Amino acid sequence: MTEISHRYPRVAEYLENEVGFEKWSRCHYPGLRYNITTTNMVESLNSMLVNARDFPFVALLDVIQEKISKWWNDRRIVAMAITAPLTPSRESEFRPRFAQSNGRHTLQLNPVTYHVKGGELEGVVDIFNKTCTCKEFDIDKLPCVHAIVAAHHAQVSVYSLVSPYYTKEYYVLAYGETIYPVGSQSQWDVPNEVVTRVVLPREVKERKRGRPKTSRFPSVGEFRKRKNRCGKCGAYGHYKKKCNSQTGSTEGNQPTDVPV
């Protein structure tokens with residue numbers, strides 16, 4: 001934060017006073033975010049449905065169901081093939097810490113607390129509450145270097161200190177259910193009170209002139225790069241000097257993408 005304040009004072013003031021540390025810093029967040037840094041999961045799905053969101057409602061649901069069914073099945077296959085105790089991403093992050101723990105010294109303070117010395121940073125580990133003064137163990141729920149050293153000294157398996165959400169068992173359970181298609185509308189079992197319910201159309205507002213907008217409005221603080229427009233042919237994506245058009249007329253060379 002000191003470096004940001006020195007280089008970008010206005011940005012630092014905005015992050016500290018208007019946004020708040022808990023909105024963008026995992027160590028200040030009151031809950032558990034693990035390694036998830038995004039707060040807008042809708043955007044991830046919106047990019048997937050960019051071509052299907054203009055479909056009729058039932059067709060759109062079919063697209064969502066098919067996509068999620070494929071995701072679940074693909075991840076289930078990956079999870080079942082894992083041979084290590086942890087998921088691949090957590091295992092690749094966890095393994096190098098064993099080598100980093102070499103050469104460190106441990107002082108036992110009580111049956112569950114250890115003072116680990118050596119390296120750039122010392123740490124006091126509580127293997128019962130699964131905490132360390134370096135805070136890496138507390139935030140990531142994955143044993144830090146100090147916790148690995150303390151676990152070896154206490155003759156405790158380091159994998160028993162890992163959050164169960166990082167294990168293969170939980171990975172398999174997360175995608176254990178099968179998502180089935182809803183089937184044809186003729187096969188739906190719809191309650192009678194739903195069939196007889198009268199649904200009025202939504203209020204129709206007068207539409208503004210011009211082509212309806214299809215792209216979403218940018219969020220606050222979000223910037224979009226404007227595409228270059230050729231001064232010779234009028235197309236987007238290149239400059240006049242690199243234009244391959246043999247004529248300066250814009251007829252027949254209208255851009256297909258309109259900048260935001």
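Which residue does the side chain of Glu91 meet in a salt bridge? The partner of Glu91 is Arg95, with an N to O distance of 2.9 Å. The report below treats this pair together with the other salt bridges, the sheet, a helix at the start of the chain and the nonpolar core of what is a predicted model.

## Salt bridges within single helices

The structure holds six salt bridges. In the pair formed by Glu91 and Arg95, both residues belong to helix H5, which spans residues 88-100. Because Glu91 and Arg95 are four residues apart in H5, about one helical turn separates them. The two partners do not fall in one accessibility class: Glu91 has a relative accessibility of 10% and counts as buried, whereas Arg95, at 49%, counts as partly exposed. The value for Arg95 does not reach the class of exposed residues, because that class requires over 50%.

Helix H1 supplies another pair of this kind. Glu3 forms a salt bridge with Arg7, and the closest N and O atoms are 3.9 Å apart. Both residues lie in H1 with a spacing of four residues, about one turn of the helix. Glu3 counts as exposed, at 56% relative accessibility.

## A salt bridge between helices, and its network

Arg97 forms a salt bridge with Glu136, and here the closest N and O atoms are 2.9 Å apart. This pair links distant parts of the chain, since Arg97 is in helix H5 and Glu136 is in helix H6 (residues 136-140), 39 residues apart. Glu136 counts as partly exposed at 33% relative accessibility, while Arg97 counts as buried at 5%. Through salt bridges that share partners, Arg97 and Glu136 are joined with Arg90 and Glu93 into one network.

As a general point, side chains of opposite charge can pair when their charged atoms come close.

## The four-stranded sheet

Four strands form an open sheet in the order S1-S2-S3-S4, with antiparallel pairing. Strands S1 and S4 (131-132) stand at the edges, and each has a single partner strand, so one side of each lacks a neighbour in the sheet.

Strand S1 covers residues 105-110 and strand S2 covers residues 113-117; the two run antiparallel and are joined by five bridges. They form a hairpin with two residues between them. The register of this pairing can be followed through individual partners: Asn110 is bridged to Thr113 of S2, and Thr106 has Val116 of S2 as its bridge partner.

## His115 in strand S2

His115 is found in strand S2. Is this residue buried or exposed? With a relative accessible area of 18%, His115 is buried; the reason for this assignment is that the class takes in values under 20%.

The side chain of His115 makes a polar contact of 3.0 Å with the side chain of Glu122. Neighbours within four places in sequence aside, His115 is in contact with His105, Thr106, Leu107 and Leu109, as well as with Glu122, Gly123 and Val124.

## Helix H2

Helix H2 spans residues 9-19, and Ala12, Leu15 and Val19 are buried in it. Viewed down the axis of H2, its buried residues fall within an arc of 110°, so they line one face of the helix. The face turned away from this buried side carries Pro9, Arg10, Asn17 and Glu18, which are exposed.

Helix H1 (2-7) is included in what covers the buried residues of H2. The residue Gly20 follows H2 and has a positive phi, near 95°.

## The largest nonpolar core

The largest nonpolar core comprises 19 residues. Which of these touch the most other members? They are Leu86, Phe94, Val125, Phe137, Leu142, Ala150 and Val162. The elements giving two or more residues to this core are strand S2 and helix H7 (145-153). H7 gives the most, with five residues.

Phe94 illustrates the contacts made by one of these residues. Not counting residues up to four places away in sequence, Phe94 touches Leu86, Leu142, Pro143, Ile148, Val158, Tyr159 and Val162. Among these contacts, Leu86, Leu142 and Val162 also appear in the list of residues that touch the most other core members.

Key. Residues numbered from 1 in each chain as written. Predicted model: local features only at pLDDT ≥ 70, side-chain atom pairs only at ≥ 80, totals over all residues. Heavy atoms only, no water. Pairing = 2+ DSSP bridges. Buried < 20%, exposed > 50% of the residue type's maximum accessible area, 1.4 Å probe, protein only. Polar contact = N/O pair within 3.5 Å; in protein donor to acceptor, adjacent residues only side chain to side chain. Contact = heavy atoms within 4.5 Å. Arc of directions from axis to C-beta. Core = buried A, V, L, I, M, F, W, Y, C linked by side-chain atoms within 4.5 Å. Salt bridge = Lys/Arg side-chain N within 4 Å of Asp/Glu carboxyl O.
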